[in-house]
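Q: I am new to this structure and would like a close look at its sheet. Please describe how the strands are arranged and what surrounds them.

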Amino acid sequence: VLVVKKRWLEKILAGQKTWEIRGGPTAKRGWIHFAQSGSTGKLMGRARLVGCHRVSRSSFEQDYCHHCVDSWDDNPYKNKTTYAWVLEDAERFERPFDYEYKKGAVIFCGC
């Protein structure tokens with residue numbers, strides 16, 4: 001389970017956001033589930049994580065259509081190396097599923 005802020009989760013599940021911007025890389029590939037941050041305890045949808053690559057400051061704004069972040073200054077990872085986690089086939093669940101957050105998880109939460 002990848003926990004994402006509501007603003008971004010809505011765009012991912014609507015197919016409008018195909019890159020999730022993060023401050024580190026991931027080697028994980030395959031289907032991942034999404035939960036909304038704020039301890040909702042619900043899995044809202046899923047997508048296939050198909051790739052990961054570094055995003056440079058110089059290309060960030062021209063890649064807006066993939067990540068939906070307005071500018072480099074709005075990038076929460078602008079002072080670190082920025083990575084795009086590439087998503088495909090996003091879908092919202094008709095009925096969200098309950099999940100139990102495992103304490104100590106930082107990026108991916110097991111359920």
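A: Read from one end of the sequence to the other, the chain of this predicted model follows the pattern β-α-β-β-β-α-α-β. That gives 3 helices and 5 strands. The chain has 111 residues, and 38% of them count as buried. Among contacts between residues at least 6 apart in sequence, 70% join residues at least 24 apart.

The sheet is open and has 5 strands, in the order β1-β3-β4-β5-β2, with mixed pairing. β1 (2–4) and β2 (19–22) stand at the edges; each has a single partner strand, so one side of each is left without a neighbour in the sheet. From one strand to the next, the twist averages 45°. As a general point, strands of a sheet pair through backbone hydrogen bonds, in either a parallel or an antiparallel sense.

Several of the pairings can be followed one by one. Strand β3 (residues 30–36) pairs with strand β4 (residues 42–55) in the antiparallel sense, over 6 bridges. Within this pairing, G30 has L49 of β4 as its bridge partner. β4 and β5 also run antiparallel, joined by 11 bridges, and here C52 stands opposite W85 in β5. On to the edge strand β2: 4 bridges join β2 to β5, and these two strands run antiparallel. E20 has W85 of β5 as its bridge partner. W85 is thus named in two pairings, with C52 and with E20.

The strands also contribute to the nonpolar cores. In soluble globular proteins, nonpolar side chains tend to be buried together. The largest nonpolar core holds 23 residues, of which V4, F34 and L87 touch the most other members. β1, α1 (6–13), β2, β3, β4 and β5 (82–98) each supply at least two residues of this core. The largest share, 5 residues, comes from β5. Leaving out residues up to four places away in sequence, L87 touches I12, T18, E20, I32, F34, A47, R48 and L49. A second, separate core has 5 residues, including V1, A35, F93 and Y99.

Next comes the open space. Rolling a probe the size of a water molecule over the atoms shows where empty space is left. The largest pocket contains about 350 Å³ of space. Its lining consists of 16 residues, and K5, W8, E20, P76 and Y77 lie nearest its centre. β1, α1 and β2 each supply at least two residues of the lining of the largest pocket. The largest share of that lining, 3 residues, comes from β2. E20 therefore appears in three places: paired with W85 in the sheet, in contact with L87, and among the residues nearest the centre of the largest pocket.

One residue of the helix α1 can be added to the picture. K11 is found in helix α1. K11 counts as partly exposed because its relative accessible area is 26%, which falls between the limits of 20% and 50%. Apart from neighbours within four places in sequence, K11 is in contact with Q16, K17 and C68. K11 and A90 are 79 residues apart along the chain, and their C-alpha atoms are separated by 9.8 Å.

Key. Residues numbered from 1 in each chain as written. Predicted model: local features only at pLDDT ≥ 70, side-chain atom pairs only at ≥ 80, totals over all residues. Heavy atoms only, no water. Pairing = 2+ DSSP bridges. Axes fitted to C-alpha atoms, helices over the stretch in contact; angles between N-to-C directions. Core = buried A, V, L, I, M, F, W, Y, C linked by side-chain atoms within 4.5 Å. Buried < 20%, exposed > 50% of the residue type's maximum accessible area, 1.4 Å probe, protein only. Contact = heavy atoms within 4.5 Å. 1 Å grid on protein atoms, 1.4 Å probe; cavity = no way out; pocket = protein on both sides within 12 Å on 5 of 7 lines; lining within 4 Å. Points joined across faces, edges and corners; volume = space filled by probe spheres on them.
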